[in-house]
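Visitor: I am new to this structure and would like a close look at a single part of it, taken slowly. Please choose one strand and show me what lies around it.

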Amino acid sequence: MRQLSVFYPILVTISLFLAFANTGNAQQTFSIWPGAAPGSENQQRHEQEDRSSIPGDPLAYNIVQPVLMFFPANPPTSNKTSVIICPGGSFCYLHIKTEGTDVARWLNKKGVSAFVLKYRVVHSETSHPMQEKTERAKDTANARRLLTPVVAAAIADGKQALAYVRKHARELGVDPDKIGMMGFSAGGALASASAFDYTVENRPDFVASIYPYVPPFLSTTVQKDAPPLFIAAATDDEYHLVPMSIALYSKWLAAGHSAEIHVYSKGGHGFGMNRQNQPSDTWIERFGDWMQIQGFL
């Protein structure tokens with residue numbers, strides 16, 4: 001009995017380790033704000049999912065309470081780096097799979113833990129958020145009126161997500177000095193904004209903006225300790241956002257900070273993790289190469 005009592009703590013530790021290792025990609029969800037998100041205290045709507053508009057790519061919409069979906073790397077292969085992923089969707093919905101969970105699982109294979117951020121978006125009156133977005137775009141002034149406060153709220157969610165992961169880094173099994181921010185299209189606004197006007201608590205250690213929308217109100221001053229920046233976009237982007245990517249890269253270049261940009265001849269807007277037999281298909285591999293060079297893998 002005495003011998004068993006000596007080895008019992010070791011056996012428990014091994015059992016817990018194996019249990020966690022076998023569920024390395026198990027998803028957990030964390031609310032990033034203590035209580036209701038600031039400015040959304042009186043919102044009564046509930047998050048929903050549209051699976052019919054784009055088969056195979058569910059859209060999350062009517063998000064009021066921002067959360068992080070956690071995809072931890074398997075402990076034996078984890079390098080303690082983590083990336084917060086902000087899907088796009090014109091601030092009306094989120095492409096959760098092709099600009100979210102698919103990216104997270106790719107990162108897991110590289111030993112990187114990932115968080116998919118569900119940030120606040122415009123209120124949808126129906127169960128067809130894409131159709132509503134198209135109709136809303138016909139009235140530019142009204143669309144701008146609706147979007148302006150939502151963009152500000154979404155950017156606040158992005159900064160809060162960074163602060164949350166850094167604060168809870170130890171219990172999440174990640175390094176507080178290796179937290180990256182990645183965003184696609186509208187989510188690229190969150191990633192880009194995270195690289196400006198940050199604090200010690202919410203500064204990203206690296207940023208990846210993929211065909212980003214860069215809000216014109218973002219600060220033009222690049223801070224002295226600005227994080228390294230990775231950008232990818234396609235020349236034939238139908239929303240004509242490439243100049244925003246080039247301008248962002250040029251700011252980093254002028255400030256003497258580390259930056260890398262890939263502008264592919266074809267790929268369109270919203271290529272994400274889709275395979276289209278286009279030059280943009282390999283952007284995620286180039287991102288992996290860049291992370292390796294930067295010392296995050």
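Guide: What follows is a walk that starts at one strand and moves outward to its sheet, a helix crossing and the aromatic rings.

This is a predicted model, in which local features need pLDDT of at least 70 and side-chain atom pairs count only at pLDDT 80 or more, while totals for chains, interfaces and linings use all residues. Residues are numbered from 1 along each chain as its sequence is written, and side-chain values use heavy atoms, with hydrogens and water left out.

The part chosen is strand β7, which covers residues 113-118; helices (H or I, at least four residues) and strands (E, at least two) are DSSP runs, numbered from the N terminus. Is this strand mostly covered or mostly open? Six of the six residues of β7 are buried, where buried means under 20% relative accessible area, exposed over 50% and partly exposed in between, with a 1.4 Å probe and protein chains only. In a regular strand the side chains alternate between the two faces of the sheet. For β7 both faces are covered, with Ser113, Phe115 and Leu117 buried on one side and Ala114, Val116 and Lys118 buried on the other.

Next come the neighbours of β7 in the sheet. Two strands pair if DSSP finds at least two bridges between them. Strand β4 (residues 67-71) pairs with β7 in the antiparallel sense over five bridges, and within that pairing Phe70 stands opposite Phe115. Strand β5 (residues 82-86) is joined to β7 by four bridges, and these two strands run parallel. Here Phe115 of β7 appears again, as the bridge partner of Ile84.

These strands belong to an open sheet of eight, ordered β1-β4-β7-β5-β8-β9-β10-β11, in which the pairing is mixed. Its edge strands are β1 (28-31) and β11, each of which pairs on one side only, and the twist averages 20 degrees from one strand to the next. At the β1 edge, β1 pairs with β4 in the antiparallel sense over four bridges, with Phe30 opposite Leu68 in β4.

A further open sheet has three strands in the order β2-β3-β6, with antiparallel pairing, and its edge strands are β2 (48-50) and β6 (94-95). Strand β3 (residues 59-61) is joined to β6 by two bridges, and Ala60 has Leu94 as its bridge partner in β6. In the loop between β5 and β6 lies Phe91, whose phi is near 65 degrees, a positive value in a residue other than glycine; Phe91 is buried, with a relative accessible area of 4%.

Helix α2 (residues 97-109) holds Asn108, which counts as buried at 7% relative accessibility. Asn108 is 37 residues from Phe71 in sequence, yet the two are 7.4 Å apart in space, C-alpha to C-alpha. The axes of α2 and α8 come within 12 Å and cross at roughly 45 degrees, which makes α2 oblique to α8. Axes are lines fitted to C-alpha atoms, for helices over the stretch in contact, and angles run from 0 to 180 degrees between N-to-C directions; angles under 35 degrees count as roughly parallel, over 145 as roughly antiparallel, 65 to 115 as roughly perpendicular and the rest as oblique.

The last stop is the aromatic rings. Rings of Phe, Tyr and Trp (its six-membered ring) pair if their centres lie within 6.5 Å, and planes under 30 degrees apart count as stacked, over 60 as edge-to-face and the rest as tilted. By this rule there are 13 aromatic pairs. Tyr211 and Phe271 form an edge-to-face pair, 4.7 Å centre to centre with 70 degrees between the planes. Tyr211 lies in the loop between β9 (206-210) and β10 (229-234) and Phe271 in the loop between β11 (259-264) and α8 (283-294), so the pair ties together parts that are 60 residues apart in sequence. Tyr211 counts as buried at 1% relative accessibility, and Phe271 is buried as well, with a relative accessible area of 1%. Phe206, Phe230, Phe287, Trp290 and Phe296 form one aromatic cluster.
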